[in-house]
Amino acid sequence: MKAAIVTFPGSNRERDMRMALTKVNNGKPPVDVWHGDSELPKDIDLIVLPGGFSYGDYLRCGAMAANSPIMQEVKKRAEAGTRVLAVCNGFQIACEAGLLPGALMTNASLQFICREVNLRVETTASQFTQKYRKGQTIRVPVAHHDGNYTLDADSVKRLEDADLVAFRYADSLGNVAASTNLNGSVSNIAGIYNAKKTVLGLMPHPENATDPVCGGTDGLGLFESIAESLS
Amino acid sequence: MKARVHVSLKNGVLDPQGKAINHALHGLGFADVADVRQGKLIELELTGALAAKPKAEIEAAVKDMAQKLLANTVIENFSVELVG
């Protein structure tokens, strides 16, 4: 698998992402791409938009990154079927760029939330989650202020009917309830796919749950799924 | 030529910051505030060929800017005002 990580001014999880990807890819590290570049290497299987605070979150989270030079190329590749993994600020960028539906708003609590959460894996019919079990609960960190996923009710139903909800905020037993919705997201949604399931966007950080030293390895399944399906 | 773009959250979209402001105003004793919606004001100083165009064309250009970058029309409304 050949992966590329796009770094924007203000990205801060690109190294964590590099470690996670290198770990599942026989020690082969991903390619680094800068936001001002206008081209990606030809034979890329996976593009990653990492977490952070691109352009200082000015205007709206992800708004300016979504219009940076490299994103024109990312959009082209995504349309052609190249897999895209968009985490946290990357998820915000993907929504702003129109790669995924909806928008991320300020957390309903107005608080910056930085802790571990439980996610229920909503579907394993995906190259990003095939190594998990459907309904499995995984524990990974979140760190965001604007993770409140917003989408109109009809569109949410369309996502659900097409099996495009990837993860929901849940309790440790996998129950999804208002009390487990940490940021106000519609239907407790923590991550979604595009219509072809080639783009995954999520607010939590699976890359920070890939080494026991950091408290858990529940995020590893996602990277192993990607490596297995794209290698 | 100056253009002002007012960006606000659409009706029905939860505005947590507006709610917090409302709460603080009540705390200060302004009990008659029923609701607060917070938005942002973006001022653009226009120059060159664009500023010399008819107002309708300037307005169309600024609306284009708002749709492409200044507002996220999934969750936000915007209005354009030309000044001077």
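**Figure 1. Meet K2(A), partly exposed at 23% relative accessibility, and its salt-bridge partner D43(A).** This and every other view comes from a predicted model. D43(A) is also partly exposed, with a relative accessibility of 46%. The salt bridge between D43(A) and K2(A) brings their closest N and O atoms to 3.1 Å. K2(A) sits in the segment before β1 (3-7) of chain A, while D43(A) is in the loop between β2 (31-34) and β3 of that chain, so the pair ties together parts that are 41 residues apart in sequence. As a general point to carry through these views, side chains of opposite charge can pair when their charged atoms come close.

**Figure 2. Here a salt bridge joins R139(A) and E116(A).** The closest N and O atoms of R139(A) and E116(A) are 3.0 Å apart. This pair links distant parts of the chain: E116(A) belongs to strand β6 (residues 113-121) of chain A and R139(A) to strand β7 (residues 137-144), with their positions 23 residues apart in sequence. R139(A) counts as partly exposed at 38% relative accessibility, and E116(A) counts as partly exposed at 31%.

**Figure 3. C61(A) is a buried residue in a loop of chain A.** The loop in question runs between β3 (46-49) and α2 (69-79) of chain A. With a relative accessible area of 11%, C61(A) falls under the 20% limit and therefore counts as buried. Setting aside neighbours within four places in sequence, you will find C61(A) in contact with N89(A), Q92(A), E96(A) and D146(A). For a sense of distance, look from C61(A) to E207(A): the two are 146 residues apart along the chain, and their C-alpha atoms are separated by 20 Å.

**Figure 4. Helix α1 of chain B covers residues 16-27.** At 1.5 Å a residue, the twelve residues of this helix should span 16 Å, and the distance of 17 Å between its end C-alpha atoms agrees with that. Within α1(B), look for the buried residues P16(B), G18(B) and N22(B). Seen down the helix axis, the buried residues of α1(B) fall within an arc of 160 degrees, so they line one face of the helix. What do these buried residues pack against? Their partner is β5 (103-105) of chain A. Just after the helix comes G29(B), which takes a positive phi of about 100 degrees.

**Figure 5. Chain A and chain B meet at an interface that buries about 1,100 Å².** Carbon and sulfur atoms give 68% of that buried area. On the chain B side, 16 residues are in contact with 15 residues of chain A. The interface has four residue pairs in polar contact, both members of each pair being at pLDDT 80 or more. How many salt bridges cross between the two chains? The rule finds one, and it joins R60(A) to E76(B), with the closest N and O atoms 3.7 Å apart. As for the side of chain B that touches chain A, α1, β2 (39-45) and α3 (55-70) of chain B each supply at least two of its residues.

**Figure 6. E81(B) lies in strand β3 of chain B, which covers residues 76-83.** E81(B) is partly exposed, with a relative accessible area of 34%. Leaving out residues up to four places away in sequence, E81(B) touches K2(B), A3(B), R4(B) and H6(B). With H6(B), the meeting is a polar contact of side chain with side chain, at 3.4 Å. A3(B) is 78 residues from E81(B) along the chain, yet the C-alpha atoms of the two are separated by 5.7 Å.

**Figure 7. Within chain B, E59(B) and K63(B) meet in a salt bridge.** Their side chains come to 3.7 Å, N to O. These two residues are four residues apart in helix α3 of chain B, which means that about one helical turn separates them. E59(B) counts as partly exposed at 31% relative accessibility, and K63(B) is partly exposed too, at 37%.

**Figure 8. This last view shows a salt-bridge network in chain A.** Salt bridges that share partners join R120(A), E122(A), E160(A) and R168(A) into one network. For the wider picture, a search of the whole structure finds 18 salt bridges over all chains.

Key
Residues are numbered from 1 along each chain as its sequence is written. Chains are lettered from A and ligands numbered from 1 in the order in which they are written. This is a predicted model: local features need pLDDT of at least 70, side-chain atom pairs count only at pLDDT 80 or more; totals for chains, interfaces and linings use all residues. Side-chain values use heavy atoms; hydrogens and water are left out. The expected span of a helix is 1.5 Å times one less than its number of residues. Buried means under 20% relative accessible area, exposed over 50%, partly exposed in between (1.4 Å probe, protein chains only). The arc is that of the directions from the helix axis to the C-beta atoms. Contact means heavy atoms within 4.5 Å. Buried area is the accessible area (1.4 Å probe) that two parts lose on being put together, summed over both. A salt bridge is a side-chain nitrogen of Lys or Arg within 4 Å of a carboxyl oxygen of Asp or Glu. A polar contact is a pair of N or O atoms within 3.5 Å; within protein, one must be able to donate a hydrogen and the other to accept it, and residues adjacent in sequence count only if both atoms are side-chain atoms.
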